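Student: I would like to learn how to read a protein structure feature by feature. Could we go through one together, with the general idea first and the case at hand second?

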Amino acid sequence: MFAGGASQALRVVATVAATLVGGSFAVGFLSSSISERVTSFKKKKYGQPCRSCKAIGYYTCRLCKGNGMISWSPLYDPVFINPCVCPTCDGFKVQRCLNCLGYGCA
């Protein structure tokens, strides 16, 4: 009888603790996302248009030059040259502007 009562109290404490921890994570995530949206809005409203990407936020990949593939060989003196997906743009042929981080304004 004593062991059953202790486990019930332990369940209640564990449930309350899990609820508090989960709630604090939810509040932290929500405040972080709201802060990011406010920052993005202020950048777009008050920021100067980015000159690097012409206020688009993206530009042609500079490693593969918009091809999506690069020629790669693991040896210094290449015997075989393998076409590989570009590691910078992952084959999408564009990369996010490093000056404005994709927002279009610096």
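Student: How many disulfides does a search of the whole structure find?

Tutor: Before the count, a word on what we are looking at: this is a predicted model, in which local features need pLDDT of at least 70 and side-chain atom pairs count only at pLDDT 80 or more, while totals for chains, interfaces and linings use all residues. Residues are numbered from 1 along each chain as its sequence is written, and side-chain values use heavy atoms, with hydrogens and water left out. In general, a disulfide is a covalent bond between the sulfur atoms of two cysteines. Here the term is given to a pair of cysteine sulfur atoms within 2.5 Å, and the search of the whole structure finds 0 of them.

Student: Why does Cys 50 have no such bond?

Tutor: The closest cysteine sulfur to that of Cys 50 belongs to Cys 53 and lies 3.7 Å away, which is too far for a bond. Likewise, the sulfur of Cys 89 has its closest cysteine sulfur in Cys 86, at 3.7 Å, again too far for a bond.

Student: Is Cys 50 buried or exposed?

Tutor: The words depend on relative accessible area: buried means under 20%, exposed means over 50%, and partly exposed is in between (1.4 Å probe, protein chains only). Cys 50 is buried, because its relative accessibility is 3%, and Cys 89 is buried at 4%.

Student: What does UniProt list for residues 12-35?

Tutor: An unreviewed UniProt entry lists them as "transmembrane region"; such positions are given in the numbering used here, feature names are shortened, and annotations may be inferred rather than shown by experiment. In the model, the chain over residues 12-35 is 100% helix and 0% strand, with its end C-alpha atoms 35 Å apart. Helices (H or I, at least four residues) and strands (E, at least two) are DSSP runs, numbered from the N terminus.

Student: Which residues, other than glycine, have a positive phi?

Tutor: Most residues other than glycine have a negative phi, and most peptide bonds are trans. Ala 55, however, has a positive phi of about 65°; this residue is found in the loop between helix H1 (2-46) and E1, and is partly exposed at 40% relative accessibility. Lys 65 has a positive phi of about 55°, is placed in the loop between E1 and strand E2 (69-72), and is exposed, with a relative accessible area of 66%.

Student: What is Thr 60 in contact with, leaving aside its neighbours within four places in sequence?

Tutor: Contact means heavy atoms within 4.5 Å, and with those neighbours left aside, Thr 60 touches Lys 65, Gly 66, Lys 93 and Val 94. Thr 60 is in strand E1, and although Lys 93 is 33 residues away in sequence, the two C-alpha atoms are 6.2 Å apart in space.

Student: Where is Val 85 found?

Tutor: Val 85 is in strand E3 (residues 82-85) and is partly exposed at 49% relative accessibility. Leaving aside its neighbours within four places in sequence, Val 85 is in contact with Gly 68, Met 69, Ile 70, Asp 90 and Gly 91. By contrast, the C-alpha atoms of Val 85 and Ser 35, 50 residues apart along the chain, are separated by 35 Å.

Student: Where is Tyr 58 placed?

Tutor: Tyr 58 is in strand E1 (residues 58-60) and is partly exposed, with a relative accessible area of 45%.
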